[in-house]
Amino acid sequence: MSWGTELWDQFDNLEKHTQWGIDVLEKFIKFVKERTEIELSYAKQLRNLSKKYQPKKNSKEEEEYRYTSARAFLATLNEMNDYAGQHEVISENMTSLITGELTRYVQELKQERKSHFHDGRKAQQHIETCWKQLEASKRRFERDCKEADRAQQYFEKMDADINVTKADVEKARQQAQLRHQMAEDSKAEYSSTLQKFNSEQHDHYYTHIPHIFQKIQEMEERRIVRIGESMKTFAEVDRQVIPIIGKCLDEITKAAESIDHKNDSQLVIEAFKSGFEPPGDVDFEDFTQPMKRTVSESSLSNSRADGKSEPKFGGKSKGKLWPFIKKNKGAGPEDFSNLPPEQRRKKLQQKVDELNRDIQKEMDQRDALTKMKDVYIKNPQMGDAASVDHRLAELGQNIEKLRLEVQKFEAWLAEVEGRLSMRSEARRQSGLYEAQNPSAVNSCAQDRESPDGSYTEEQSQETEMKVPATDFDDEFDDEEPLPTIGTCKALYTFEGQNEGTISVAEGEMLYVIEEDKGDGWTRIRRNEDEEGYVPTSYVEVYLDKNAKDVYKSLEKISE
């Protein structure tokens, strides 16, 4: 099966077909190039998508990634970034292995095709020239034969005419002989040209053209093989990244399987647990017996935080509201005393850890400078040892300041942890008591309400709206304040910006009217109209022994 023998007369069609083959190859190159652009665009979009949902540094989002579900999502984003990288690899490999190689091959193919068809046209022109020579020789031979016949006929006519002179006859005879000789020469030339043409034609159709067409066939077959190999490479480039893409998908699956709903639920508890006790039951107040109620309210066994019975705090509030109900929008105190106990403990622990890390950094710098100073001492040409003394002194001062800070925060932390443990023990004992004495628990007075957020501002407002103002209420508000059980001295200045708190200045002496019940707050009074809660760690309490005993005995009775 050879184009040279089967398609010897299809030169023009072969020229068109080979041009079509090059067009197909260029079309495939363009297709691969557009595919690489799509892969790059897809990879870029994936990277942008992954970057868009990455948590911003030093933002609240970073705190959310302690949950396993959020960490799994972050792992998915990272894997999608790697996934995008594999699409970039596909684009790069297709560009280098297919687009670049085929582009060079097409240029070489065009040059080779041009050379082959140039040789074919040259062979065709040669055979056409031989044919023209044959035709010219043939026409010349034909013309000479006709001229010889006419000359012979003229000679015979002259020879038969008796009126013609002998000289004219001889002249006609010589002319006829000359024409016959010319015809013979033309015949010989025509015969030689014909033999030469037949030889050239045989070589043309059985040697030159088959050889040229064979080269064109081989060129076309190489093109077909090459485009097939490129298509295999096209698939192989994708196949090579499939294992890595599979790993990315496996990691996403692994991240999804690592989600622990129980752990996340526990983290929610740790993040938002306040450490307060739930409020106790609200007792029924019988307003049909004002005298009994007045006597009950005047005792220490019942807190004056119920409804409108709370003494006025600087004329601002009628209800005893826990300080955390309304959050302080400004900067909180240094010891985080404005936070619930559990949250305060976590914040203090974080602060201690942060300070310890800062101390370690400063110590590392000091050690490095100390080594540098030793090198300078041993090799003075390398530097002046005294030049680092100032920086070493600064680092020493910084470390000492940080250690003092750590001691301060550790003291607050120990205080909070001690109270939390005491509170836990008290809760356990209270549970045992309630289990053994249910009737006593059910009849307990309203003094169970403490700074645990028992009442909200909205509840107090509802109570005030439901109970119309009467002379009885005014008389109720004017009753005697709680008796003092000791005094206290403010160790630090405290800005009481939350509802139910009171501001104190450092060194100020005040009266204690309610001891710390394990929640970190002590109730104090400045005068008849100013009382509220301050952090226990901010004051030094001096309880009056007799008042304290009376207070505790009444408290036990109320329990």
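Trp 8 sits in the loop that links helix H1 (3-6) to helix H2 (11-52). The model shown here is a predicted one, and this residue is a convenient place to start reading it. Is Trp 8 buried or exposed? Neither word fits, because its relative accessibility is 42%, which counts as partly exposed. Apart from residues up to four places away in sequence, Trp 8 touches Trp 3, Tyr 205, Ile 209 and Phe 213. The link to a remote part of the sequence also appears in the backbone: Trp 8 and His 204 are 196 residues apart along the chain, yet their C-alpha atoms are 9.7 Å apart in space.

The residue His 204 leads to a pair of helices. Two packed helices are described by the angle between their axes and by the distance between those axes. For helix H4 (residues 68-160) and helix H5 (residues 166-257), the axes come within 7 Å and cross at roughly 175°. H4 is therefore roughly antiparallel to H5, since an angle over 145 degrees is described in that way. Which kinds of residue make up the contact of H4 with H5? They divide into 47 nonpolar, 19 polar and 23 charged residues.

Further along the chain, Pro 333 is found in the loop between helix H7 (290-297) and helix H8 (341-378). With neighbours within four places in sequence left aside, Pro 333 is in contact with Asn 338 and Tyr 538. The C-alpha atom of Pro 333 is also separated by 8.0 Å from that of Phe 494, a residue 161 positions apart from it along the chain.

The next stop is a strand and the loop after it. Glu 514 lies in strand S2 (residues 509-514). Glu 514 counts as buried because its relative accessible area is 5%, and the cut-off for buried is under 20%. What does the side chain of Glu 514 join in a polar contact? The partner is the side chain of Tyr 533, at 3.5 Å.

Asp 516 is placed in the loop between S2 and strand S3 (521-527). Its side chain takes part in two kinds of contact. One reaches the backbone nitrogen of Gly 520, at 3.2 Å. The other is a polar contact of 2.9 Å with the side chain of Thr 536.

These local views belong to a chain with 13 helices and 5 strands. Of its 559 residues, 33% count as buried. The chain exposes about 34900 Å², and carbon and sulfur atoms supply 52% of that area. How much of the contact in the chain with a separation of 6 or more comes from residues 24 or more positions apart? Such residues account for 75% of those contacts.

Methods
Residues numbered from 1 in each chain as written. Predicted model: local features only at pLDDT ≥ 70, side-chain atom pairs only at ≥ 80, totals over all residues. Heavy atoms only, no water. Axes fitted to C-alpha atoms, helices over the stretch in contact; angles between N-to-C directions. Helix = DSSP H or I, 4+ residues; strand = E, 2+ residues; numbered from the N terminus. Parallel < 35°, antiparallel > 145°, perpendicular 65-115°, else oblique. Nonpolar A, V, L, I, M, F, W, Y, C, P; charged D, E, K, R; others polar. Buried < 20%, exposed > 50% of the residue type's maximum accessible area, 1.4 Å probe, protein only. Polar contact = N/O pair within 3.5 Å; in protein donor to acceptor, adjacent residues only side chain to side chain. Contact = heavy atoms within 4.5 Å. Areas by Shrake-Rupley, 256 points an atom, 1.4 Å probe, with all protein chains shown as cover.
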